[in-house]
Amino acid sequence: MGTRIKPQPPQAHPRLRLINQLASTRAGAWFFVHVANRLDRVTIPLTRGRVRTTLTLHTVVLHHRGARSGLPRTTPLVYFTDGADVVLVASNGGAPHNPAWYHNPLAHPDVTLTDGANTGPYQAQEAIGDQRRRLWEAAVTMYPGWATYQTRTAGRHIPVMVLRPTS
């Protein structure tokens, strides 16, 4: 059995207000979706999670299988925890379509998470109803840019994924 991902409550980081504002712009969102993810795929494992493009927002690497191909995939994502559960937001920088990774744990919910130092098995499911509303509010508290992204989605409802540890 692996170890659990380090707990990260959804706290705001007021010292980084300017960085958060830049990250929530269209250019900032593009950078994090298209460039930072590629960098973090390399830097997080190499530095055991100490170096990441998201600065104070903690990042976990999701190891999952392609929904149709079944091929292994890795996706670095900002996370927070809700008890033992890890919460991920499928914002795709506010694009009108869901990110590619979102479909994979729906099709193959058994995934592995690593924060660079800890790795463990999890089972994914999408939050719905009151759970989704509560977790969305917590997510926006931590990173207000997600609320900005929601306004850009052309009506797409940004999914919130809950990953529960398994043994």
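Two residues are said to be in contact when heavy atoms of the one lie within 4.5 Å of heavy atoms of the other. With that in mind, we can walk through this structure, which is a predicted model, by starting from a single residue, Phe80.

Once residues up to four places away in sequence are set aside, Phe80 touches Gln8, Pro9, Pro10, Asp85, Val86, Val87, Leu135, Ala138, Ala139 and Met142. One of these partners, Leu135, stands 55 residues from Phe80 along the chain, yet the C-alpha atoms of the two are separated by 9.6 Å. Is Phe80 buried or exposed? Buried means under 20% relative accessible area, and because Phe80 has a relative accessibility of 1%, it counts as buried.

Phe80 belongs to strand 2, which covers residues 72-82, and this strand pairs with a strand on either side of it in the numbering. Strand 1, made of residues 59-65, runs antiparallel to strand 2 and is joined to it by seven bridges; in one of these pairings, His64 has Arg73 of strand 2 as its bridge partner. Six residues lie between the two strands of this hairpin, where Gly70 takes a positive phi near 75°.

Strand 2 also pairs with strand 3 in the antiparallel sense, here over four bridges, and the bridge partner of Tyr79 in strand 3 is Leu88. The hairpin of strand 2 and strand 3 has two residues between the strands, and in this hairpin Gly83 takes a positive phi near 70°.

Strand 3 comprises residues 85-89, and Asp85 lies in it. Asp85 counts as buried because its relative accessibility is 11%. Apart from neighbours within four places in sequence, Asp85 is in contact with Phe80, Val162, Leu163, Arg164 and Pro165, and a polar contact of 3.3 Å joins its side chain to that of Arg164.

We can now return to Phe80 and ask which residues touch the most other members of the largest nonpolar core. Among the 19 residues of that core, they are Phe80, Leu135 and Trp146. At least two residues of this core come from each of strand 2, strand 3, helix 4 (129-142), helix 5 (145-151) and strand 6 (160-165), while helix 4 gives the largest share, five residues. A second core, separate from this one, has 16 residues, including Ile5, Leu62, Met161 and Leu163.

Conventions
Residues numbered from 1 in each chain as written. Predicted model: local features only at pLDDT ≥ 70, side-chain atom pairs only at ≥ 80, totals over all residues. Heavy atoms only, no water. Buried < 20%, exposed > 50% of the residue type's maximum accessible area, 1.4 Å probe, protein only. Polar contact = N/O pair within 3.5 Å; in protein donor to acceptor, adjacent residues only side chain to side chain. Pairing = 2+ DSSP bridges. Core = buried A, V, L, I, M, F, W, Y, C linked by side-chain atoms within 4.5 Å.
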